[in-house]
Amino acid sequence: MPRRGLILQTRTHWLLLGLALLCSLVLFMYLLECAPQTDGNASLPGVLGENYGKEYYQALLQEQEEHYQTRATSLKRQISQLKQELQEMSERMRSLQERKNGGLNGIGYQGNKEQAPTDLLEFLHSQIDKAEVSIGAKLPSEYGVIPFESFTLMKVFQLEMGLTRHPEEKPVRKDKRDELVEVIEAGLEVINNPDEDDTQEDEDSPLGEKLIFNENDFIEGYCRTERDKGTQYELFFKKTDLMEYRHVTLFRPFGPLMKVKNEVIDITSSIINIIVPLAERTEAFAQFMQNFRNVCIHQDRRIHLTVVYFGKEGLSKVKSILESVTRS
């Protein structure tokens, strides 16, 4: 009897221990299921059924906020610059009037007049005439050529970056970005509010309304700085439904921007020349010619293709590819 009681007590002990372990396991699984997700794993429904994290939407909001802050900063800077220029012109005119009324001698007055032009606008136009924005200049050698920088709304391509895989300046410095935003806004002002001496004609949209360009119509720009004269800007704008570009030339003679040219460029009869250097790689060239036929030949025939092949191996295959495209 004592032995049987001992066995029952041992079985009861192990049964309780097993029940306790089972309850602990069930509780642990329940805690895992009910545990809240961390911020890093939280996601919000995105476009087309995709899931984007909270950081994605925060980045979008931050990008929009930076864009509007840049516009506001640019407008404030323009207002401040105009106020400063108006004050300087007023002080200059007051100073010249005082000198004239003070009876200064002719020699001294003439010397000051040559050093400081009485008409600020005339001085700015003289800076434009001296620069290469309107006419070329004779240079002693190729080292005297001032290169252009290319820029878009988001990137600036500089020669100082070298012939690398990604030669653009990214991210663009804030001062450079503010400068380009101001220039693009000035170009839009010239296009949307042309002067009487502009060569462009007032054109209407297909709905009969006046065409209004915005910053989304900006395609590309070029700029360069002549250190003793100023900065030249070449801006190109284009509407998606128009077969023409708007070209605006601006010049900053170390002062306010001044319009130089505003014209319409008709591209309805323009020919696009494409030069393709090739060596071997005939399979890639065949794929290129297929895309060229579908995009360029079937849709727009105003394109001239020149293939420069290096070597003799694969030359016959390249010729056959060109002949097959020509016959199609």
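Trainee: How many residues does the hairpin that joins β6 to β7 run through?

Mentor: In this predicted model, β6 covers residues 218-226 and pairs with β7 in the antiparallel sense over eight bridges. Within this pairing, threonine 225 stands opposite threonine 231 in β7. The hairpin that joins β6 to β7 runs through three residues.

Trainee: Which residue in β8 stands opposite glutamine 232?

Mentor: Strand β8 spans residues 244-252 and runs antiparallel to β7, with seven bridges joining the two. Between β7 and β8 the hairpin has six residues. Opposite glutamine 232, in β8, stands phenylalanine 251.

Trainee: Is strand β7 mostly covered or mostly uncovered, and how many of its residues are buried?

Mentor: Strand β7 comprises residues 230-237, eight in number, and is mostly covered. A residue counts as buried when its relative accessible area is under 20%. By that criterion, the buried residues of β7 number seven of eight.

Trainee: Which element supplies the largest share of the largest nonpolar core?

Mentor: The largest nonpolar core has 19 residues, and Phe151, Leu235, Phe237, Val248 and Leu250 have the most contacts inside it. At least two residues each come from α5 (174-192), β6, β7 and β8. The largest share, six residues, comes from α5.

Trainee: Where does methionine 29 lie?

Mentor: Met29 helps to make a nonpolar surface patch of about 430 Å², together with Leu25, Phe28 and Leu32. As for its place in the chain, methionine 29 lies in helix α1, residues 2-34.

Definitions and conventions
Residues numbered from 1 in each chain as written. Predicted model: local features only at pLDDT ≥ 70, side-chain atom pairs only at ≥ 80, totals over all residues. Heavy atoms only, no water. Buried < 20%, exposed > 50% of the residue type's maximum accessible area, 1.4 Å probe, protein only. Helix = DSSP H or I, 4+ residues; strand = E, 2+ residues; numbered from the N terminus. Pairing = 2+ DSSP bridges. Patch = residues over 30% accessible without salt bridge, like charges linked within 9 Å, V, L, I, M, F, W, Y side chains within 5 Å. Areas by Shrake-Rupley, 256 points an atom, 1.4 Å probe, with all protein chains shown as cover. Salt bridge = Lys/Arg side-chain N within 4 Å of Asp/Glu carboxyl O. Core = buried A, V, L, I, M, F, W, Y, C linked by side-chain atoms within 4.5 Å.
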